[in-house]
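Me: I'd like to go through the labels on this model and ask what stands behind each one. Can you take me through them?

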Amino acid sequence: MRNERDMTTNSAFRTPHSALEVSFTLNGTPTTVSVPDSERLLDTLRYRLGLTGAKEGCAEGECGACTVWLDGLPANSCLVPIYQVRGRRVNTVEALDPAAVAPLLDAGATQCGACTPGVVMTALWILQHPDVLATHTVRELMAGNLCRCTGYDGIVDGIEAARP
Amino acid sequence: MSVLLPGSRREALELLARSNGAAMPIAGGTDLLVHWPQRQEEHDRAYLDLSGIAELRPVEWTPDALVLGGLTTYWDVIRDARVGRELPLLAVAARQVGSIQIQTRGTWAGNIVNGSPAADGVPVLMAYDAVVVLESVAGREEVPLERFYEGYKQMRRRPDQLVVAIRIPRRPYTFQRFVKIGSRRAQAIAKVGLAVTHSAAGGGGWRVVAASVAPTIRRCPSIERLLEEQAAVHSPEELLPAIARDVTPIDDIRSTAEYRKLAMARVLFYDVFRGREQGAGSTDHGRRMTDNG
């Protein structure tokens with residue numbers, strides 16, 4: 001994860017770039033930010049809008065800790081340039097109903113918690129789109145969220161328990 | 001850095017022409033944004049954002065082809081039930097790209113122009129005789145995918161051209177298989193990838209396309225000839241001379257040349273040369289193999 005000190009070496013914050021005004025719908029609320037055009041959605045969420053649920057784990061789209069919904073589909077916010085969210089819908093973990101994650105907690109789907117915001121975003125997306133389970137297994141759909149604590153069984157069990 | 005934000009295909013082509021080819025088109029960003037904060041030199045160039053061009057997104061079925069748009073994602077194809085029935089390897093390969101978070105963003109056209117020898121989408125497109133449709137302000141050009149690559153990351157796309165579509169002929173197939181060998185099932189880059197098809201239709205025949213075993217993804221004419229001639233092959237090792245003629249794998253961070261040749265021989269022998277008898281009607285279009293089970 002990037003810490004405060006690392007931010008000073010992040011070029012998106014250090015180098016002056018042309019500012020860009022980007023309007024999008026964030027968790028249902030129309031939002032406009034003025035940002036350097038080299039910024040990623042993850043940076044904007046964390047460091048401008050204070051939404052620190054999405055985490056930077058790997059910065060290469062592998063760990064899934066930065067997962068958000070972009071126009072209703074799971075996406076790695078570390079790989080989304082901020083200019084690509086103009087006019088789009090972004091949903092983050094902060095807007096989820098806490099009650100919806102109860103089955104995951106009950107099944108032991110979280111331990112250290114670093115991956116959990118990303119896990120929850122993918123897990124609740126699956127639960128809201130049960131039709132994908134006609135073609136995909138929960139494990140295949142969760143493959144983009146790495147967890148080094150749970151061994152995944154708690155995550156899969158939690159989703160299975162919450163399935164409609 | 002500067003970013004150009006066209007709202008239409010026409011506008012994108014004009015901006016690209018005006019930039020003298022300096023602008024880098026960006027679609028899903030799943031390759032270009034990797035380790036972005038550390039890649040300062042990439043920040044200093046111009047990008048042409050294609051994401052606002054709605055006309056490039058849809059998948060279109062015509063009487064004789066499936067046409068993917070320049071912005072069609074892996075997920076678009078995975079969710080098209082007709083693809084699974086008619087050109088199933090597209091869905092099989094798409095499901096092995098990264099994870100759902102990558103599949104919803106990554107595009108087939110981006111997979112082609114990124115030019116990685118380890119791409120997952122390109123082998124199946126090539127095994128289906130896909131044609132790359134390029135467009136610039138000067139007009140359209142169509143290049144068969146099998147002739148698109150000229151060397152490592154070298155391809156027949158001029159900097160003023162965009163991939164606006166990928167056309168895949170609709171043919172009945174009697175054999176279709178995609179096998180990707182990676183370190184694990186999800187999120188892995190291929191050590192060896194193989195897409196193999198056979199169609200008895202006019203212009204068809206065997207297509208054997210290999211990934212991660214040469215500077216570009218490429219067809220394997222020697223192996224294809226053995227299949228066309230229905231040559232008797234009794235072991236994976238008997239395929240090694242033909243493999244040596246067709247591909248030139250290297251040792252790198254993911255695997256070794258030796259392993260890649262042997263893995264390719266075994267997949268071809270067990271899945272293709274032995275599997276061709278049961279090929280017709282087979283619904284097992286692909287499976288994953290891993291080093292450690």
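**Labels and the numbers behind them**

Reply: Sure, and keep in mind that this is a predicted model. Let's start with strand E11 of chain B: B:Phe175, B:Arg177, B:Val179 and B:Ile181 on one side are all buried, and so are B:Gln176, B:Phe178, B:Lys180 and B:Gly182 on the other, which leaves both faces of E11(B) covered.

Me: Why do the side chains fall into two sets in a regular strand?

Reply: Because side chains in a regular strand alternate between the two faces of the sheet.

Me: What makes E11(B) "mostly covered"?

Reply: A residue is called buried if 20 or more other C-beta atoms lie within 10 Å of its own. In E11(B), residues 175-182, eight of eight residues are buried, so the strand earns the label.

Me: How do you know that E11(B) and E12(B) pair, and in which sense?

Reply: Pairing takes at least two bridges between the strands. E11(B) and E12(B), the latter covering residues 192-199, have seven bridges, so they count as paired, and the sense is antiparallel. One of the residues involved is B:Lys180, whose bridge partner in E12(B) is B:Gly193.

Me: Why is B:Asp252 called exposed?

Reply: The cut-off for exposed is 12 or fewer neighbours. B:Asp252 has 12 C-beta neighbours inside 10 Å, so it counts as exposed. You'll find B:Asp252 in the loop between helix H10 (240-246) and helix H11 (257-273) of chain B. From B:Asp252 to B:Lys191 the C-alpha to C-alpha distance is 9.5 Å, with their positions 61 residues apart in sequence.

Me: What makes chain B as compact as a globular protein of its length?

Reply: First, the make-up: chain B has 11 helices and 15 strands. Its radius of gyration is 19 Å, and the globule rule gives 19 Å for 293 residues, so chain B is as compact as a globular protein of that length. Along the principal axes, the C-alpha atoms of chain B fill a box of roughly 60 × 45 × 30 Å. Buried residues account for 49% of the 293 residues in chain B. Of the chain B contacts between residues at least 6 apart in sequence, 66% join residues at least 24 apart.

Me: And which elements of chain B give two or more residues to the side that touches chain A?

Reply: The contact itself takes 27 residues from chain B and 27 residues from chain A. On the chain B side, those elements are strand E1 (2-4), helix H2 (40-43) and helix H6 (100-103). H6(B) gives the most, with three residues. By class, this side of chain B has 12 nonpolar, 12 polar and three charged residues.

Key:
Residues numbered from 1 in each chain as written. Chains lettered and ligands numbered in written order. Predicted model: local features only at pLDDT ≥ 70, side-chain atom pairs only at ≥ 80, totals over all residues. Contact = placed C-beta atoms within 7 Å. Helix = DSSP H or I, 4+ residues; strand = E, 2+ residues; numbered from the N terminus. Nonpolar A, V, L, I, M, F, W, Y, C, P; charged D, E, K, R; others polar. Rg over C-alpha atoms; globule rule 2.2 N^0.38 Å.
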